[in-house]
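I opened my notebook for a look through this one. Here are my entries, in the order I looked things up.

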Amino acid sequence: MSTGALARWTRACATHPWRVVVAWIAIIAVLVLAVGAFGGQLRDAFEIPGSDTQKATDLIEAEFQAEQGGVLNLVFAAPAGEALDTPERRAAIEQAVTRLQSAEFAPTDERAGLESVGDPFDESTVSDDGRIAYTEAQFDRVIYEKDRDAVVAVQDAVRETVEPVGVIVEFNGDAEYPPLEQGTQELLGLLAAIIVLLVVFRTFVASVIPIVLAITAVATAFMLLFLLAGLTDINTVTPLLVSMIGLGVGIDYSLFIVTRFRQLLHEGLSPRDAAAEAGASAGRAVLFAGATVAISVTGLAFFGLDFVTKLGFGSALGVLTTVLIANSLLLAVLALLGHKVDRLKVPFLRPIDDSEAAREKTLVARWGRFVTAHAGIVFTVLLVVGLGLAATSMLVRLGAADQGTQPKEQTSRRAYDLLAEGFGAGFNGPIPIVVDVNGDPGAPQRIYDGVEGLQGVASVAEPQFNDAKSVAIVFVTPDSAPQDEETDRLVDRLRADVVPAATEGSDAVAYVSGLTAAFKDIGERIVERLPLFLLYIIGVTFIVLAMAFRSIVVSLTAAVTTILSAFIGFGVLTLVVQEGHLLGLTGLDRTGPIETFVPPIAFAILFGLSMDYMVFLMSRIREEHVHGLKTRDAVDHGIAAIGRVVVAAALIMGTVFAAFVLSGDRVAKEFGLLLAVAILTDALVVRMTLVPAFFTLLQEKTWYMPRWLDRLLPNITIEPPHDSEAAAAALAGADAPEPEATEA
């Protein structure tokens, strides 16, 4: 039997299962109470320390206190070809504005309310053709999810007043950001996962266990996330990443442990011994895999962008809770279920023969032998195709996709389209130039004069000063949409030419800000810190894998091929979302740049998750090699033994990620598509095909390790220490890897 600290822990969980179950019920109950008492609200906060955008934001917050509440844009339109300013329509719109200004929508201590509502029939707020008009309704506070009811009440009041007379009304602005809808994509992902599990396990009981564990892990991670939100700002997209990552790894990790448990049961161990041994072996690999995700995600801190770091750490919550629950609660449940785990057989599917002879005849085993028999051709073809797909990532343009790329079902998208039609494409993304005059009150006017008539500028507003006349804002409206490359170039000209010329010889300081400028600043920070980020996660992972597999070839191959998988994913994302190929399949109807923060977060997550498959597969191949097989034979036997589970795990995680393409949010679609493509490519093409072919070509050089490095690095293995070599041999035929991590 296994020994060591982890083995003692797993044996304790399996020996006293009810204690573990009760303990987890108590933990979850405490978390529920804690969230009710101390949980916070999610809030989108994008701070870019030291950037022009951040300096401008800080100045506005400090000097324009009266304008700190959320803004809801009310966009009115007549039917196509008609005018909005008919007596009946004008009266209805004015009645709606009057109602919003009444005590019904006044702010209270408990509820957000409106401080002011503008005039939609002001000369500057009506389109030239008279069909479209807009106004701003400003709330008394920043709008969070808890204030959503107040925003909806305003929208409902306006709609019921103006729609009966044929007025179309849509809404956008920073107050119109409804919570991301979750549930449908998770349900579809779970349905796909359970189909794969039924094929793998052939019993309903065994198939349901990974699903229940994943849901429990995600729910626990959600509660921890909202507790963190009470202490710091957590972005609204984070729960989506938590559920996406948590469901994927939750099902995958439990799949390996349940597979190992069932095999040990079939070999004659008692339920408690089988649960303990499954935790000590497969559970150790889960622990190792979870640690690689944690290592990767901590690398996001190198970018110095708080919201990127928090998005990454929030995503890792699903992984960490899964590791904890898999190595405690899951083992307890398995010990209690015992042989009942094989109940409720799936009709029309024959039970799987888990013997070594049967495994050698499976499709996966035959695929492994095909790869090793034609290693040269397989490696060359896949490498060329992979590099070709990865090269398409060079087309990527990072930036901020505007609301015009969101699905048309959203009122913010329809409002965006109406404003662009009535007032020009750039109206939706004005570029504010914030001027700290520092004793030079003429600086804002000089900036205004420098901007007026500039190529790419549709209009520029007169400088708006704060009450103290110490800070001014010059609003520039570009000819192009916020996400267009022309707008990027305009921001560059303003920063490089207009602002320096206007402030030369003056103490005044000006900062070009706005959405486009902010994402340019984020992109510059990411590019600047990218080498440190890559050096950290690749370097640390290389060292850990070198310690585990005692081969620099294996660890280097893992790092390089993961980068290849990531760039293939980025390439496909670029071709679909940015270039528009098969765009309709994602539910989007307009192309745009890839959000600047998506690649680093996705890469950190992918790097951790892809190591799971490398660890699970290579631990088995190395075990076969250590037991005396040549590299090619070790690859054949390793794929035959563990390949079926790796393929199932990849299909589950890939389908869970792909289901998020059905989300109504563009960023969620980007993460779902990128991670699904990258994970499926990494597991099915790279780990199960390209890497085995490469190692077959290298033969015994696969295991090369310089002697000096071998002496220097500690020896951690992914295989648990056993009481005897006989016990180790008895466990050698497992379908799940027999992890090799050091004793605590």
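Leaving aside neighbours within four places in sequence, which residues is Glu462 in contact with? I looked, and they are Gln445, Tyr448 and Ile473. A reminder to myself before going on: this is a predicted model.

**Entry: Glu462**

I placed Glu462 in the loop between strand 7 (457-460) and strand 8. I then checked its accessibility: Glu462 has a relative accessible area of 46%, so it is partly exposed. I also looked up a distance from Glu462 to Leu191, which is 271 residues away along the chain. Their C-alpha atoms are separated by 57 Å.

**Entry: positive phi values**

I stayed with the loops and turned to Lys469, which is in the loop between strand 8 (464-465) and strand 9 (471-478). Its phi is near 60°, a positive value in a residue other than glycine. Is Lys469 buried or exposed? I found a relative accessibility of 53%, so Lys469 counts as exposed.

Gln699 went into my list too, with phi near 55°, again positive in a residue other than glycine. I found Gln699 in the loop between helix 22 (666-698) and helix 23 (707-712). A glycine joins the list: Gly338, just after helix 11, takes a positive phi of about 60°.

**Entry: helix 9 and helix 11**

That glycine led me to the helix before it. How do the axes of helix 9 and helix 11 cross? I noted that they come within 8 Å and cross at roughly 155°. Because angles over 145 degrees count as roughly antiparallel, that is what helix 9 is to helix 11. I logged the crossing of helix 9 past helix 11 as right-handed.

Next I listed who makes the contact. Helix 9 brings Pro271, Arg272, Ala275 and Gly279, while helix 11 (residues 329-337) brings Leu331, Leu334 and Ala335. Which residues of helix 11 are buried? I wrote down Leu329, Leu330, Leu331, Ala332, Leu334 and Ala335. Their cover includes helix 1 (5-15), helix 2 (17-38), helix 7 (204-229), helix 8 (238-266), helix 9 and helix 10.

**Entry: aromatic rings**

How many aromatic pairs does the structure hold? I have 13 in my notes, and I went through two of them. The ring centres of Phe303 and Phe533 are 4.8 Å apart and the planes are at 40°, so I put this pair down as tilted. The pair links distant parts of the chain, 230 residues apart. Phe303 is in the loop between helix 9 (271-298) and helix 10 (306-326), and Phe533 is in helix 18 (residues 515-549). I found both Phe303 and Phe533 buried.

Phe603 and Phe607 gave me another tilted pair, 5.5 Å centre to centre with 45° between the planes. Why are Phe603 and Phe607 separated by about one helical turn? The two are 4 residues apart in helix 20 (residues 598-626), which accounts for it. An α-helix has 3.6 residues a turn, so residues three or four places apart point the same way. Phe603 and Phe607 are both buried.

I then put the two pairs together: Phe303, Phe533, Phe603 and Phe607 are linked by ring pairs into a cluster.

**Entry: a charge over a ring**

For my last look-up, I asked what sits over the ring of Phe121. I found the charged end of Arg90 there, 4.3 Å from the ring centre.

Key
Residues are numbered from 1 along each chain as its sequence is written. This is a predicted model: local features need pLDDT of at least 70, side-chain atom pairs count only at pLDDT 80 or more; totals for chains, interfaces and linings use all residues. Side-chain values use heavy atoms; hydrogens and water are left out. Rings of Phe, Tyr and Trp (its six-membered ring) pair if their centres lie within 6.5 Å; planes under 30 degrees apart count as stacked, over 60 as edge-to-face and the rest as tilted. Buried means under 20% relative accessible area, exposed over 50%, partly exposed in between (1.4 Å probe, protein chains only). A charge sits over a ring if NZ of Lys or CZ of Arg is within 6 Å of the ring centre and within 35 degrees of the ring normal. Axes are lines fitted to C-alpha atoms, for helices over the stretch in contact, and angles run from 0 to 180 degrees between N-to-C directions. Angles under 35 degrees count as roughly parallel, over 145 as roughly antiparallel, 65 to 115 as roughly perpendicular and the rest as oblique. A crossing is left-handed if the near helix is turned anticlockwise from the far one by less than a right angle, and right-handed if clockwise. Contact means heavy atoms within 4.5 Å.
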